[in-house]
Amino acid sequence: MSELITADVLNDLNIELPSWAFGNSGTRFRVFPTEGTPRDAFEKISDASQVNKFTGSASIVSLHIPWDHVDDYGKLYKHAQDHGVTIGTINSNVFQDEAYKLGSLCHPSPSVRRKAIDHHKFCIDVMRMTGSKDLKIWLADGTNYPGQDSIAARQDRLHESLSKIYSELDDDMRLLLEYKFFEPAFYHTDVPDWGTALVHCQSLGNRAKVVLDTGHHAPGTNIEFIVAQLTRLNMLGAFDFNSRFYADDDLIVGSADPYQLFRIMYEIIRAGALHPQSGVNFMLDQCHNLEDKIPGEILSVMNVQEAAVKASLVDAEALATAQQQGDVLGANRIFMDAYQTDVRPVIEDWRTRHGLPEDPYTAFLESGYMEQIRRSRIGGTQAGWGA
């Protein structure tokens with residue numbers, strides 16, 4: 001096993017953590033509170049910094065507006081720096097206001113669309129105050145009944161709205177458009193797939209890219225194919241990691257199908273998308289309903305590290321030869337040999353050489369941080385999904 005390859009992969013790997021993963025979340029029936037949950041964006045960043053402290057691969061924190069709104073974004077930026085992390089993508093929210101009942105950027109009413117556009121302009125201001133370069137847009141827009149609204153007209157409104165938002169970006173900023181094939185709309189969703197997102201991004205300009213979320217596809221979708229297609233077109237702007245058993249479950253990465261995670265990481269590494277200069281952001285888009293938040297994020301990072309190292313071990317030369325010769329089973333065995341390799345010892349060695357604990361998960365649990373925040377975070381309002 002090449003330790004040099006392992007080091008290159010792990011040195012390049014930097015995963016963005018979502019602030020909302022550290023708040024309370026749950027099912028549609030109940031949100032389950034826990035002791036020590038952050039009460040504001042400052043405490044979310046403090047918790048996120050623990051993940052980076054113990055794994056060495058998660059130095060960026062993604063914010064959600066208005067969930068993470070603060071009076072002084074310069075102070076929040078400094079707080080992140082003091083904790084060894086930076087503020088990354090700014091995520092907009094146009095799905096929880098009463099005005100967006102029938103949509104936001106696709107809404108029939110010009111005044112509602114203007115309200116949604118103005119929210120994104122504010123998000124761009126937040127980007128300027130925090131050093132962020134990426135604006136991520138996910139829309140809950142869609143319809144519940146046939147005939148409720150014109151599908152074609154909604155696409156026209158979406159293009160017009162996105163164009164106005166895109167024009168507000170600074171020259172070094174990007175617009176990242178996320179898709180999801182269903183939910184919450186029952187009849188049709190306005191950005192349901194990577195093709196729709198791609199068409200809109202291409203119409204905007206070269207600073208608009210597609211966001212791929214692992215859980216946002218129909219069962220059986222070949223996600224690694226989408227990764228390969230978007231990277232070859234230089235249109236993959238961000239990749240959101242999670243796992244699911246049925247739909248968008250947002251579970252710990254690799255918990256449902258670790259082999260799928262390996263296959264995805266192979267396509268990412270093959271395309272050079274793991275390198276920081278590729279422009280592809282990697283984020284853990286997860287909600288921890290039952291488990292503690294920080295350990296859940298640490299375990300997810302560890303799973304991505306392991307999958308990335310395994311994927312880097314695929315013998316590219318032997319695989320190309322087998323593919324050219326039409327050796328179907330031989331090519332598959334090359335893949336499986338890499339996947340079945342136990343890479344934990346070399347990852348532990350990499351951690352030791354970088355002053356990190358060999359087992360970040362156990363080391364964090366033994367650090368006393370959870371006990372500390374449970375004692376100190378008394379009073380105030382706990383952050384939760386949607387707050």
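Buried here means under 20% relative accessible area, so Phe262, at 1%, counts as buried. Keep that cut-off in mind as you click around this predicted model.

Start by selecting Phe262 together with Tyr259. Both sit in helix α8 (residues 258-270), 3 residues apart, or about one turn of the helix. Their ring centres are 5.9 Å apart and the planes meet at 15°, so this pair is stacked. Tyr259 comes out as partly exposed, at 21% relative accessibility.

Now add Phe335. Its ring centre is 5.8 Å from that of Phe262, with the planes at 80°, so here you have an edge-to-face pair. This contact links distant parts of the chain, since Phe335 belongs to helix α11 (residues 328-339), 73 residues from Phe262. Phe335 is buried too, with a relative accessible area of 17%. Bring in Tyr266 and Tyr339 as well: ring pairs join them with Tyr259, Phe262 and Phe335 into a cluster. Across the whole structure, a search turns up 14 aromatic pairs.

Next, jump to helix α5, residues 151-168. Colour Arg154, Arg157, Leu158, Ser161, Leu162, Ile165 and Tyr166, the buried residues of α5. Look down the helix axis and they fall within an arc of 170°, so they line one face. Swing round to the face turned away from that side for the exposed Ala152, Asp156 and Ser167.

Last stop: the cavity. The structure holds 1 of 30 Å³ or more, and the largest has a volume of about 90 Å³. Select Thr34, Glu35, Gly36, Lys293 and Met370, which lie nearest its centre among 13 lining residues. Helices α9 (293-312) and α14 (369-376) each give two or more residues to that lining, which has 5 nonpolar, 3 polar and 5 charged residues.

Methods. Residues numbered from 1 in each chain as written. Predicted model: local features only at pLDDT ≥ 70, side-chain atom pairs only at ≥ 80, totals over all residues. Heavy atoms only, no water. Helix = DSSP H or I, 4+ residues; strand = E, 2+ residues; numbered from the N terminus. Expected span 1.5 Å × (residues − 1). Buried < 20%, exposed > 50% of the residue type's maximum accessible area, 1.4 Å probe, protein only. Arc of directions from axis to C-beta. 1 Å grid on protein atoms, 1.4 Å probe; cavity = no way out; pocket = protein on both sides within 12 Å on 5 of 7 lines; lining within 4 Å. Points joined across faces, edges and corners; volume = space filled by probe spheres on them. Nonpolar A, V, L, I, M, F, W, Y, C, P; charged D, E, K, R; others polar. Phe/Tyr/Trp six-rings, centres within 6.5 Å; stacked < 30°, edge-to-face > 60°.
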